[in-house]
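Me: I'd like to go through a model with you, one region at a time. Could you keep the answers plain and say how each term is defined?

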Amino acid sequence: RLVRLRQRLAGSGTLGRGLLGLLSKERLDEDTWEAIEDLLIGADIGVEPTQQLVEKLRTRLRVEGGDLPDARTVLREELIALVDPTFDRSLRVTGEGDAPGVVLVVGVNGTGKTTTVGKLARILVAEDRTALLGAADTFRAAATEQLATWGDRVGVEVVRGPEGGDPASVAFEAVARGIREDVDTVVVDTAGRLQNKQGLMDELGKVKRVIEKQTPVTEVLLVLDATTGQNGLVQAKVFSEVVDVTGIVLTKLDGSAKGGIVVAVQRQLGVPVKLVGLGEGPDDLAPFDAAAFVDALLG
Ligand code: GDP
């Protein structure tokens with residue numbers, strides 16, 4: 001898996017090589033530390049975490065009795081600590097008793113939401129779970145069609161409503177059918193129109209409410225496009241303010257050299273990255289693992 005992650009992670013190794021190149025200098029002077037800071041900020045880690053990391057590196061890489069610790073080991077340890085290996089990143093796809101687990105997938109249009117729902121269904125099927133998809137993005141006909149195509153591709157049925165219909169009624173019907181048919185997990189795709197906050201809150205709130213008349217939503221995944229950097233983060237924040245997000249899916253990491261966004265998004269939203277998107281194909285969604293990710297970054 002690490003090899004695959006390394007191959008897919010855009011710019012994989014460049015950040016690590018850059019940092020290690022600088023850290024291996026004979027003398028770590030102020031200019032070098034500044035260059036290290038620039039590299040980290042350039043990778044979208046964010047200013048504050050960068051300063052904390054540099055502070056730690058400076059302390060640990062001070063010559064003590066002529067015995068300098070290995071820079072790579074120190075950098076790896078500190079990066080893993082920054083990505084936070086203590087987060088519970090397990091996906092809650094199982095419901096109580098016989099009820100299905102319900103995964104609500106939210107995020108701005110274009111971030112890869114529908115694609116993620118399709119890939120997630122693939123993972124569930126591969127784990128021998130039965131799944132059902134709900135096409136609750138009824139505002140765009142293309143979104144429903146796209147999800148139907150994914151359903152065919154991964155062999156999972158899709159509950160759909162009329163174009164322009166009520167997203168909440170599609171979500172309700174998908175979960176009702178999931179309960180009737182004793183399905184393990186229902187995954188609901190939602191609309192990502194970033195209209196005003198109140199509109200979004202009303203819409204997503206209603207979707208969640210009608211589902212929860214039947215059974216609890218077990219996981220709310222917020223999809224964020226890694227290539228949009230700090231800007232995407234601002235939009236993602238709006239979603240996290242209107243619905244209780246339990247996990248983040250960071251997509252298009254294969255197209256972004258800014259893997260540091262993992263650190264920034266977890267800090268700002270206070271929830272773990274649970275999955276990463278590494279391409280457009282059905283198998284290009286992977287569980288996130290802090291150590292494997294840092295190893296891929298370091299190359
Ligand atoms: P939605 O509007 O949020 O539902 O976004 P879509 O699922 O339609 O995805 C938008 C575009 O991003 C599509 O062309 C997808 O194939 C592409 N995409 C989604 N996830 C990834 C990913 O992890 N990597 C890459 N390279 N492309 C992705």
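Me: Which residue follows α6, and what is the sign of its phi?
Reply: Aspartate 128 follows α6, and its phi is positive, near 65°. This is a predicted model, in which local features need pLDDT of at least 70 and side-chain atom pairs count only at pLDDT 80 or more, while totals for chains, interfaces and linings use all residues. Residues are numbered from 1 along each chain as its sequence is written, and side-chain values use heavy atoms, with hydrogens and water left out. Helices (H or I, at least four residues) and strands (E, at least two) are DSSP runs, numbered from the N terminus.

Me: What span should α6 have, and what does it have?
Reply: The 14 residues of α6 should span 20 Å at 1.5 Å a residue, and its end C-alpha atoms are 20 Å apart, so the two agree. The expected span is 1.5 Å times one less than the number of residues in the helix.

Me: Is α6 mostly covered or mostly open?
Reply: Mostly covered, with ten of its 14 residues buried, where buried means under 20% relative accessible area, exposed over 50% and partly exposed in between (1.4 Å probe, protein chains only). Among the buried residues are Lys113, Thr115, Lys119 and Leu124.

Me: And what does α6 give to the shell around the ligand?
Reply: Helix α6, residues 113-126, gives the most to that shell, with four residues. The residues around the ligand number 17, and Gly110, Lys113, Thr115, Asp254 and Glu280 come nearest; a residue counts as near if one of its heavy atoms lies within 4 Å.

Me: Which polar atoms approach the ligand's oxygen atoms?
Reply: An N or O atom in the side chain of glutamate 280 is 2.5 Å from a ligand oxygen, a polar backbone atom of threonine 111 is 3.2 Å from one, and for the side chain of lysine 119 the distance is 3.5 Å. The protein covers 81% of the 580 Å² of accessible area that the ligand has on its own, with areas from the Shrake-Rupley method and a 1.4 Å probe.

Me: Where does aspartate 284 sit, and why does it count as buried?
Reply: Aspartate 284 is in the loop between β7 (273-277) and β8 (285-287), and it counts as buried because its relative accessibility is 10%. Its side chain reaches the backbone nitrogen of glycine 281 at 2.8 Å, and a polar atom of that side chain lies 3.3 Å from the backbone nitrogen of glutamate 280. Leaving aside neighbours within four places in sequence, aspartate 284 is in contact (heavy atoms within 4.5 Å) with residues including Arg4, Arg8 and Lys119.

Me: Changing topic, what do the buried residues of α8 pack against?
Reply: They pack against β1 (101-106), β2 (131-136), β3 (157-160), β4 (185-190) and α9 (197-212), and they include Pro167, Val170, Ala174 and Arg177. Helix α8 covers residues 167-180 and reaches 20 Å from its first C-alpha to its last, close to the 20 Å expected.

Me: What happens at the two ends of α8?
Reply: At the start, a side-chain oxygen of aspartate 166 reaches to within 3.1 Å of the backbone nitrogen of alanine 168, and after the helix comes aspartate 182, whose phi is positive, near 60°.

Me: Last one, is lysine 56 buried or partly exposed?
Reply: Lysine 56, in helix α4 (residues 47-60), is partly exposed, with a relative accessible area of 45%.

Key. A polar contact is a pair of N or O atoms within 3.5 Å; within protein, one must be able to donate a hydrogen and the other to accept it, and residues adjacent in sequence count only if both atoms are side-chain atoms.
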